[in-house]
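Me: I'd like to go through the labels on this model and ask what backs each one up. Can you take them one at a time?

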Amino acid sequence: MSARWPRGLAMPTAHPLVQTSQGRWPRSLAALASAALLMVAMTVAAPAHAWRENVQDTAIGAPAGVDIGVLPVGGADHADADGAGDPNQRQLLVMLRLPATHYRPDATYGGRYMDDNGNGARRRRAEALARQHGLTVVEGWAMSLLGIDCYVMQYGDHADPQLLIEQLSRDPQVEWAQSVARFDGMAQVPDSAAADAADALYQVQPAARYWHVADLHRYATGREVRVAVIDSGIDGEHPDLAGQLAVNTNFVDAGPPPPELHGTAVAGIIAARSGNGGIVGVAPRAKLMGLRACWQTNNARTRCNSFTLSKALNYAILNNAKIINLSLSGPPDKLLDRLLDVALERGISVVGAVDPQDSGPAFPASHRGVMAVASQPRPGMAPSTKNSATTGLLAPGNDIPTTSPGARWAFVNGSSYAAAHVSGMLALLEELRPDASPTQLRTMLQPADMVKTANIDACATISRLIRQCSCTCPVPATATATATRPAPVP
């Protein structure tokens, strides 16, 4: 009897070495590995237990009976909200200055920023401002890092948004007002493929072939380094990600984060545990902060907007993330840029994906201090980006095997996954040099004598830090097994 594809595993795309016309399973996982070796691949995973102490700004109180913070900005159904955050959704972001600490909005206000009654008074102040300009308050969120309250306000069908922004900006209560921008995950529609066995895909991961991560893990695994993955939902029950999420929070809508393609794939590349069925993350002992600020559309694309991203960034900074991964791109955004400034000032490394189709400034890749990452080109091809100014670092981003929701694995493509590789590498460096600044870490990845070489030499980087060869020298006999196949991470 011929073997069939296991349930729960996506069918690989047709390949001359793997016959899939009738949906048959290759004779062995070795056959799959052999075929995939010709494709260039990579990996990582993520976990799921709760952070002990979370610091979080919250939604600003609505009148009794009004439920806020339940729907995404710009749409009522995430699966169908392909245009969420677009200008035609008729929404603005209005940043209100916080009242002075001696100011008493109501009789019971005690000057505490998070005082419930104070929040209610600030909400009423926002609603009064909205009425003056023919707007409706949709949702509000406290941004203590910036000293503002951020409100989403909706305008009418025939209103001029630019005129409203100008009028609002002249009000002394308003710090600034802006449109709600849309952002997209930097991934192609996922290619399908799969495997089933202990780390069966490790040998075909680009991180294994070019970065030799199994050898690097003898010296660093990203132990306890907090990596914030601001993305779509992560499947924390995936066998390669079980136990890897220190926190899993939803900033898009109510309820727990659903398992979604893009976020799960990014998380796997960064921190997948070894010995659990598929791939090995670049930093398998890192602690992931799953911060859902994006959602998956019906066509499997990933969308985010200014408001959801700002809430997640605010949370990551308040909760001491050491690395923030932003595998997305969109237009420059004043609110998000302000938050990145705070993150960088606090010594947080920020990694952003480069949009290969964008020729102008973009968020986050163009922001000063962000490590912009593009996909390493296929052999014999030039980098596929129109904007040489933000090409930045190059990392594996083509034919990458990684985790997919529902205990599956898939091959994926895009600078989203290149950025995830760099975030994982930064976690290794953070473990070895916890006091290094983001600028110093960037220099470790790309020393002065290699500024013209965008590709990252992971082995050389770690070797310089430990002052001995990490994976370019003969491996001691006792470490041979570890170098050949990664040992399970406890």
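**Disulfide and cores**

Reply: Sure. This is a predicted model, and in it a disulfide joins Cys294 to Cys304, with S to S at 2.0 Å.

Me: What makes Cys294 and Cys304 a disulfide?

Reply: The sulfur atoms have to be within 2.5 Å. Cys294 and Cys304 sit at 2.0 Å, S to S, so the pair meets the cut-off. The structure holds 1 disulfide.

Me: Why is the disulfide of Cys294 and Cys304 called right-handed?

Reply: Because the torsion about the S-S bond is about 90°.

Me: Which parts does the pair tie together?

Reply: Cys294 belongs to strand 10 (residues 294-296) and Cys304 to strand 11 (residues 302-305), so the link ties parts that are 10 residues apart in sequence. Both cysteines, Cys294 and Cys304, are buried.

Me: And why does Cys150 count as buried?

Reply: Buried means under 20% relative accessible area. Cys150 comes in at 0%, so it counts as buried.

Me: Which residues touch the most other members of the largest nonpolar core?

Reply: Val422, Leu426, Leu429 and Leu445 do, out of 50 residues in that core. Helix 9 (residues 415-432) gives the largest share, 11 residues.

Me: What does Leu426 touch, leaving out residues up to four places away in sequence?

Reply: Ile323, Ser349, Val351, Met371, Leu441 and Leu445. The cut-off for contact is heavy atoms within 4.5 Å.

Me: What lies apart from the largest core?

Reply: Another core, of 44 residues, with Val152, Phe307, Val342 and Ile348 among them.

How values were computed
Residues numbered from 1 in each chain as written. Predicted model: local features only at pLDDT ≥ 70, side-chain atom pairs only at ≥ 80, totals over all residues. Heavy atoms only, no water. Helix = DSSP H or I, 4+ residues; strand = E, 2+ residues; numbered from the N terminus. Buried < 20%, exposed > 50% of the residue type's maximum accessible area, 1.4 Å probe, protein only. Core = buried A, V, L, I, M, F, W, Y, C linked by side-chain atoms within 4.5 Å.
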